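Work through the exercises below with the sequence and the model at hand. Try each task before reading its solution.

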Amino acid sequence: MDIITILATAIATSTPLIFASIGETITERAGVINLSAEGTILMSAMTGFAVAKFSNNLLLGFGAAALVGAAIALVVAVGAITLKQSQVSIGFVLALMCSDLSSFLGNPVVRVEGITVPSFKIPILENIPILGKLLFQSDLLVYSSYILILGSWFYFYRTQGGLILRTVGEQPAAAFARGTNVIKMRYIYTLLGGALMGIAGAAFSLDFKAGWSHRHTAGYGWIALAIVIFGGWNPLRVALGAYLFGILQSLASVAQSAIPDVPTQVFNTAPFVLMILMLALTSGKWLDRLISALPRSVRQGILNTVRTTPPASLGRVFDQD
């Protein structure tokens, strides 16, 4: 397998993580932590597959998955924003509950064949050397992820709405003083983030890991949460983190074929371990010491690139009354 094929596979298989991690980035930028990602993705994957299977309609499947993701996010929003309860506790309980519920409700469609997202090449662009094979010979979900990455970055940093979003997560009191309904904004962005997580679940079961089985996407919700931190709550860096995880998965598959004597569990878990290790390394104090040894002219630029700072009011209750 050549390097272009490995990278193209990595980009394609990273697409569900793009939707999930950018969805969580939007939610957390508004100041709300939605730790239900693991359960949301599993529940949405099961629902999306089942609806698409019995309706024979992919659009209905993705729509149902998005609604499930938004509904779970609504529970988080009501509990965290209106009832002012612990966001971490609510999300964690939902993650566990929805994971088990997806297995229970999904029993009738376990290992049943269903429809999948068709692939198609983009005319003209597919013929660009290297980039054509890398980016433009996939399916609509992959192409949509490109739009999501660039669109969310543009919205965050180049629009008035994005400025309000970031202010709601950083300085909600200041946003409220300038006439912004902080509670309403947090509800909207929490539901939007949950809907994107729902689409991520359907992307797994209807495309990149087609079908449904017990714990079908186990672990990917936690990885999406880690990628948000790794990416510093910036859509471009978050996407880079998702693609990096996809590359690790592709390399693990190649290594598994090249070294058949090693148990497959080693290669299956290696990308998860390496991703968590990288998160720990980029967040550790040793990194500051290492960077401090570099010339002052490049020190700040590297710090701005690798250091992650969460929104100042992330997870904090805001009383608008």
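**Exercise 1: the largest cavity**

In this predicted model, the largest cavity has a lining made of Val32, Ala80, Ile81, Lys84, Gln87, Ile183, Arg186, Arg316, Val317 and Phe318. Find which elements give two or more residues to this lining, and sort the lining residues into nonpolar, polar and charged.

Solution.
1. Two or more lining residues come from each of H3 and H9.
2. Sorting the lining gives 6 nonpolar, 1 polar and 3 charged residues.
3. The volume of the largest cavity is about 50 Å³.
4. The count of cavities of 30 Å³ or more is 1.

**Exercise 2: positive phi**

Most residues other than glycine have a negative phi. Locate Lys84 and Arg215, and decide whether Lys84 is buried, partly exposed or exposed.

Solution.
1. Lys84 has a positive phi, near 60°, and sits in the loop between H3 and helix H4 (87-105).
2. Lys84 has a relative accessible area of 37%, so it is partly exposed; the range for this class runs between 20% and 50%.
3. Arg215, also not a glycine, has a positive phi of about 55°.
4. Arg215 belongs to the loop between helix H9 (182-208) and helix H10 (220-230), and is partly exposed at 31% relative accessible area.

**Exercise 3: a nonpolar patch**

Which residues make the nonpolar surface patch of about 240 Å²?

Solution.
1. The patch is made by Leu74, Val78 and Leu83.
2. Leu74 lies in helix H3 (residues 58-82).
3. With a relative accessible area of 37%, Leu74 is partly exposed.

Definitions and conventions
Residues are numbered from 1 along each chain as its sequence is written. This is a predicted model: local features need pLDDT of at least 70, side-chain atom pairs count only at pLDDT 80 or more; totals for chains, interfaces and linings use all residues. Side-chain values use heavy atoms; hydrogens and water are left out. Patches are made of residues with over 30% relative accessible area and no salt bridge: like charges are joined within 9 Å, nonpolar side chains (Val, Leu, Ile, Met, Phe, Trp, Tyr) within 5 Å. Accessible areas come from the Shrake-Rupley method with a 1.4 Å probe; for residues, only the protein chains shown count as cover. A salt bridge is a side-chain nitrogen of Lys or Arg within 4 Å of a carboxyl oxygen of Asp or Glu. Helices (H or I, at least four residues) and strands (E, at least two) are DSSP runs, numbered from the N terminus. Buried means under 20% relative accessible area, exposed over 50%, partly exposed in between (1.4 Å probe, protein chains only). On a 1 Å grid over the protein atoms alone, a cavity is a set of points where a 1.4 Å probe fits but cannot get out, and a pocket is an open set with protein on both sides within 12 Å along at least five of seven lines; lining residues have an atom within 4 Å of a point. Grid points are joined across faces, edges and corners, and a volume is the space filled by probe spheres set on the points. Ala, Val, Leu, Ile, Met, Phe, Trp, Tyr, Cys and Pro count as nonpolar, Asp, Glu, Lys and Arg as charged, and the others, Gly among them, as polar.
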